[in-house]
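Here are a few worked exercises to go through with the model open beside you. Try each task yourself before you read its solution.

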Amino acid sequence: MKSRESLVRLKGFQVTEKRRQLQQLQSMMAEFERMAKELENQIAIEEKKSGITDPNHFAYPTFAKAARQRADNLQVSIRELKVQQEAAELLLEAAEAEHAKAAALEERDGQMRIRA
């Protein structure tokens, strides 16, 4: 039953691909979190230098305003990636279940061939 073997290989490939996609999302989230923390540190340094911590103050440093906006944008992106991660985890679970099902059918067919 070559078709079953091909199906098991295909499902295995799909599982591997879903895992890769999930890892890619996780690494992007980690990188964005690192970048956001770095921006927060830069904002704190800039605020300390200027002595102004209120972003609405007329003399608030322009660099700190821009960095705060970038950090906020990164946080939005992280939240969006978390939603994508949850969806990717569900797709991975489904792919693993399909792979297990195909492998079980292949094993059953193999046992039937041995008996025949």
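**Exercise 1: A bridge between two helices**

Arg68 is partly exposed, because its relative accessibility is 24% (buried means under 20% relative accessible area, exposed over 50%, partly exposed in between, with a 1.4 Å probe and protein chains only). This is a predicted model, in which local features need pLDDT of at least 70 and side-chain atom pairs count only at pLDDT 80 or more, while totals for chains, interfaces and linings use all residues. Residues are numbered from 1 along each chain as its sequence is written, and side-chain values use heavy atoms, with hydrogens and water left out.

Task: find the salt-bridge partner of Arg68 and say where the two residues lie.

Solution.
1. A salt bridge is a side-chain nitrogen of Lys or Arg within 4 Å of a carboxyl oxygen of Asp or Glu. Arg68 meets Glu47 in this way, with 2.8 Å from N to O.
2. Glu47 belongs to helix H1 and Arg68 to helix H2, so the bridge ties together parts 21 residues apart in sequence. Helices are DSSP runs (H or I, at least four residues), numbered from the N terminus.
3. Glu47 counts as buried because its relative accessibility is 13%.

**Exercise 2: Farther along the chain**

Task: which residue does Glu96 bridge to, and how many residues apart are the two?

Solution.
1. The side chain of Glu96 forms a salt bridge with that of Arg19, at 2.9 Å from N to O.
2. This pair links distant parts of the chain, 77 residues apart: Glu96 sits in helix H2 (residues 62-115) and Arg19 in helix H1.
3. Glu96 is partly exposed, because its relative accessibility is 30%. Arg19 is partly exposed as well, at 40%.

**Exercise 3: Within one helix**

Task: locate Glu46 and its salt-bridge partner.

Solution.
1. The partner is Lys49, and the closest N and O atoms are 3.7 Å apart.
2. Both residues lie in helix H1, with a spacing of three residues, about one turn of the helix.
3. Lys49 is exposed, at a relative accessible area of 64%.
4. Elsewhere, Glu31, Arg34 and Glu38 are joined in a network of salt bridges. The count by this rule comes to seven salt bridges.

**Exercise 4: A nonpolar patch**

Task: which residues make up the nonpolar surface patch that includes Leu10?

Solution.
1. Leu10 is part of helix H1 (residues 2-50), and its 41% relative accessibility makes it partly exposed.
2. Together with Leu7 and Phe13, Leu10 forms the patch, with about 280 Å² of accessible area in total. Accessible areas come from the Shrake-Rupley method with a 1.4 Å probe, and for residues only the protein chains shown count as cover.
3. Patch residues have over 30% relative accessible area and no salt bridge; like charges are joined within 9 Å, and nonpolar side chains (Val, Leu, Ile, Met, Phe, Trp, Tyr) within 5 Å.
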